[in-house]
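Work through the three exercises below with the coordinates open. Try each task before reading its solution.

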Amino acid sequence: VKMALRFVLLLAFAALACAETTFHGRVVKPEGAPAVFARETKVVLDGGAFQAFLQEDGTFEFDNLPSGAYHLEVVSANYEFEPVRVEIRRKSEDVVRVFKADLISGRAPQRIVYGAKAGLVLTAAGLTRLFEEPQGMSVLDLLKNPMVMMMGMLLFSTTILPKLTPKLTPEELAEMQRTSSSVTPSLDLSATLARMTSGASEPPAAAGKAKAK
């Protein structure tokens, strides 16, 4: 008898854990919306895994929902609604809990009121934007332009940099030229080009020695 009683209790707890519930609410008709708003609007869970169409008064209902978390969206052709997160927990005091689905900021979820009679009330956030509004150009965007940056560097190098660089005396300038010429030997460009075009492989110095002999 005890074994049978335990088995019945185990089945009862299992049935309670797997029990399904009903989730309902109402979508408020936006001001100025057409008469066919309710017929053209629906509420979906998890991208369409569950769907509910609106009644004429905007109410909707999901029957036999298992316990779990759902992403709720209102699908409308002309209006935008903020998505929400719905949690159904049979073991909790609040069987149904609803939160704002803030996926970008990462802040703590804000709970939304879910009444036993009215359920979840959803209002439109605005009209659907088919095109992104063009953003105005700011001064920062202008400074990020590569052409503007090149012009700024050129202006800096021609006007400001010479004032920051100490002036060199003629003696110092001549010393810098001598140092540069000693490090980098001078090349006879005309002779090099003539040798390349004539096909001669012997350098000019070697050719002069051969003529002397």
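**Exercise 1: a surface patch**

Helix α2 (residues 139-143) supplies three residues, the largest share of the nonpolar patch. The model is a predicted one.

Task: Find which residues form the nonpolar patch, and decide whether V139 is buried or exposed.

Solution.
- Step 1. The surface patch consists of V139, L142, L143 and V148.
- Step 2. Together they have about 350 Å² of accessible area.
- Step 3. Place V139: it is found in helix α2.
- Step 4. The relative accessible area of V139 is 60%. The cut-off for exposed is over 50%, so V139 is exposed.

**Exercise 2: the partners of β2**

Task: Which strands pair with β2, and over how many bridges?

Solution.
- Step 1. Start with strand β3 (residues 50-53). It pairs with strand β2 (residues 42-45) in the antiparallel sense, over four bridges.
- Step 2. Check one pair: K42 has F53 in β3 as its bridge partner.
- Step 3. Inspect the turn. Four residues lie between the strands of the β2 and β3 hairpin, and D46 takes a positive phi near 55 degrees.
- Step 4. Turn to strand β5 (residues 68-75). It runs antiparallel to β2, and four bridges join the two.
- Step 5. Check a residue here too: V44 stands opposite E73 in β5.

**Exercise 3: enclosed space**

Task: How many cavities of 30 Å³ or more does the whole structure hold, and which residues line the largest cavity?

Solution.
- Step 1. Searching the whole structure gives one cavity of 30 Å³ or more.
- Step 2. The largest cavity holds about 50 Å³ of space.
- Step 3. Its lining is P34, V36, F37, E40, T41, S76, A77, N78 and Y79.

Terms used. Residues numbered from 1 in each chain as written. Predicted model: local features only at pLDDT ≥ 70, side-chain atom pairs only at ≥ 80, totals over all residues. Heavy atoms only, no water. Patch = residues over 30% accessible without salt bridge, like charges linked within 9 Å, V, L, I, M, F, W, Y side chains within 5 Å. Areas by Shrake-Rupley, 256 points an atom, 1.4 Å probe, with all protein chains shown as cover. Salt bridge = Lys/Arg side-chain N within 4 Å of Asp/Glu carboxyl O. Buried < 20%, exposed > 50% of the residue type's maximum accessible area, 1.4 Å probe, protein only. Pairing = 2+ DSSP bridges. 1 Å grid on protein atoms, 1.4 Å probe; cavity = no way out; pocket = protein on both sides within 12 Å on 5 of 7 lines; lining within 4 Å. Points joined across faces, edges and corners; volume = space filled by probe spheres on them.
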